[in-house]
Amino acid sequence: MLSASVKKIENKNQVKFAPLLIDYRQNQSEESITIFFKKIHSLLYRVAYSFMENNADAEDVLQISFLKIMTNVDQCKGLDEDDNEAIKAWCLSIVRNVSRMKLRSQKSRHQREVKVSERISSVV
């Protein structure tokens, strides 16, 4: 059940992220984390898409990023100051790093596939 403070936050236009993440951290509140992700999803998606340049990979990046956010919420410094911008910056840094890791992985996979193709071509 959502706490009264989280219900008030959900109804406001300008959402404060810190109370949602604190409620999730303290109570493992699925509702709080769901509200948080709904409010920040479009921003994070745009960043992931700008790196990945396709919907499927951007969604993959978001899933991994959201899991990292959920498991590392204690590391977010913006929670203590109730600083939305610091929380956004922390989330964006996670999305950027996950995007870069995925791009590196795709690049190395492509390079391995090219080498295998070259070996097959030389055998035939």
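## Exercises on contacts in a predicted model

K102 and D60 form a salt bridge in which the closest N and O atoms are 3.8 Å apart. The model is a predicted one, and the exercises below work through its charged and aromatic contacts.

**Exercise 1.** Find which helices hold K102 and D60, and how many residues apart they are.

*Solution.* Begin with the places of the two residues: K102 lies in helix α6 and D60 in helix α4, so that, at 42 residues apart, the pair links distant parts of the chain. Then turn to the accessibility of D60, whose relative accessible area of 32% makes this residue partly exposed, because the partly exposed class lies between 20% and 50%.

**Exercise 2.** Work out which parts of the chain are tied together by the pair of D74 and R25.

*Solution.* First establish the contact, which is a salt bridge between D74 and R25 with the closest N and O atoms 3.6 Å apart. Next, place the partners: D74 is in the loop between α4 and α5, whereas R25 is in helix α2, and therefore the pair ties together parts that are 49 residues apart in sequence. Finally, compare the accessibilities: D74 is exposed at 57%, while R25, at 29%, counts as partly exposed.

**Exercise 3.** Explain why K88 and E85 are separated by about one helical turn.

*Solution.* The side chains of K88 and E85 meet in a salt bridge, with 3.4 Å from N to O. Both residues belong to helix α6 and are three residues apart there, which means that about one helical turn separates them. As for accessibility, E85 counts as exposed at 52%, and K88 is partly exposed at 24%.

**Exercise 4.** Classify the ring pair of F17 and F36, and decide whether each residue is buried or exposed.

*Solution.* The structure holds four aromatic pairs. In the pair of F17 and F36, the ring centres are 5.2 Å apart and the planes stand at 85°, so the pair is edge-to-face, since an angle over 60 degrees places a pair in that class. F17 lies in helix α2 and F36 in helix α3, so this pair ties together parts that are 19 residues apart in sequence. With relative accessibilities of 5% for F17 and 0% for F36, both residues count as buried. A further pair joins F36 to F37, with centres 5.5 Å apart and planes at 55°, so this one is tilted. F37 counts as buried at 13%, and ring pairs link F17, F36, F37 and F66 into a cluster.

Definitions and conventions: Residues are numbered from 1 along each chain as its sequence is written. This is a predicted model: local features need pLDDT of at least 70, side-chain atom pairs count only at pLDDT 80 or more; totals for chains, interfaces and linings use all residues. Side-chain values use heavy atoms; hydrogens and water are left out. Rings of Phe, Tyr and Trp (its six-membered ring) pair if their centres lie within 6.5 Å; planes under 30 degrees apart count as stacked, over 60 as edge-to-face and the rest as tilted. Helices (H or I, at least four residues) and strands (E, at least two) are DSSP runs, numbered from the N terminus. Buried means under 20% relative accessible area, exposed over 50%, partly exposed in between (1.4 Å probe, protein chains only). A salt bridge is a side-chain nitrogen of Lys or Arg within 4 Å of a carboxyl oxygen of Asp or Glu.
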